[in-house]
Amino acid sequence: MTLKECKKEEKADREFQKKFKFEGSITVLTQMMVDPAAAEKRGGGKNLPLKRGEILDVIQFTNQDQILCRNSQRRYGYVPRAVMLHL
């Protein structure tokens, strides 16, 4: 990883912590997959856009309805638990 990429990731992580009021280090708890049968969603606001079959990093289990996740493009957002499958 180059210095430029590393700085870009650090900036994205700081923005995430500010937007979601997340304190502490960002650790991946597990990985989950978006249900291939689920409808794709564009996201927006604090919701993460969803693609069928996509593997997401779980950052935090926030409540019974949503999970805070990160996708492969290092974008963060909430995802409904109903569309997530364990690997």
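This report describes the sheet, the aromatic cluster, selected contacts and backbone features, and the cysteines of a predicted model.

**The sheet**

Five strands make up an open sheet, arranged in the order β4-β3-β2-β1-β5 with antiparallel pairing. The edge positions are taken by β4 (76–80) and β5 (84–86); each has a single partner strand, so one side of each lacks a neighbour in the sheet. From one strand to the next, the twist averages 50°. The partner of β4 in this order is β3. Strand β3 spans residues 66–70, and five bridges join β3 to β4 in the antiparallel sense. Within this pairing, Arg70 stands opposite Tyr76 in β4.

**Aromatic pairs**

A pair of aromatic rings is described by the distance of the centres and the angle of the planes. The model contains four aromatic pairs. One of them is tilted and joins Phe16 to Phe20, with 5.4 Å from centre to centre and 40° between the planes. Phe20 also pairs with Tyr78, in this case edge-to-face, with the centres 5.2 Å apart and the planes at 75°. This second pair connects distant parts of the chain, since Phe20 belongs to the loop between α1 and β1 (30–34) and Tyr78 to strand β4, 58 residues apart. Ring pairs join Phe16, Phe20, Phe22, Tyr76 and Tyr78 into a cluster. Two members of this cluster, Tyr76 and Tyr78, fall within the range of β4 (76–80).

The accessibility of three cluster members, together with that of other residues discussed in this report, is listed below.

| Residue | Relative accessible area | Class |
|---|---|---|
| Phe16 | 3% | buried |
| Phe20 | 10% | buried |
| Tyr78 | 19% | buried |
| Arg74 | 24% | partly exposed |
| Lys21 | 72% | exposed |

Tyr78 counts as buried because its relative accessible area of 19% falls under the 20% cut-off.

**Contacts of Asp13**

Asp13 is part of helix α1, which covers residues 3–19. Its side chain forms a polar contact of 2.9 Å with the side chain of Arg74. When neighbours within four places in sequence are set aside, the contacts of Asp13 are Ile26, Arg74 and Tyr76. Asp13 in α1 is thereby in contact with Tyr76, a residue that also takes part in the aromatic cluster and stands opposite Arg70 in the sheet.

**Backbone features**

Most residues other than glycine have a negative phi, and most peptide bonds are trans. Arg74 has a positive phi of about 60° although it is not a glycine. Arg74 is located in the loop between β3 and β4, and its relative accessible area of 24% makes it partly exposed. Lys21 likewise has a positive phi, near 50°, and is a residue other than glycine. Lys21 is situated in the loop between α1 and β1 and is exposed, with 72% relative accessibility. The loop that holds Lys21 also contains Phe20, which is buried at 10%.

**Cysteines**

A disulfide is a covalent bond between the sulfur atoms of two cysteines. Across the whole structure, the search finds zero disulfides. Cys69 is buried, with 0% relative accessible area, whereas Cys6 is partly exposed at 29%. By residue number, Cys69 falls within strand β3 (residues 66–70), and Cys6 falls within helix α1 (residues 3–19).

Note on methods:
Residues numbered from 1 in each chain as written. Predicted model: local features only at pLDDT ≥ 70, side-chain atom pairs only at ≥ 80, totals over all residues. Heavy atoms only, no water. Disulfide = S-S within 2.5 Å. Buried < 20%, exposed > 50% of the residue type's maximum accessible area, 1.4 Å probe, protein only. Helix = DSSP H or I, 4+ residues; strand = E, 2+ residues; numbered from the N terminus. Polar contact = N/O pair within 3.5 Å; in protein donor to acceptor, adjacent residues only side chain to side chain. Contact = heavy atoms within 4.5 Å. Pairing = 2+ DSSP bridges. Axes fitted to C-alpha atoms, helices over the stretch in contact; angles between N-to-C directions. Phe/Tyr/Trp six-rings, centres within 6.5 Å; stacked < 30°, edge-to-face > 60°.
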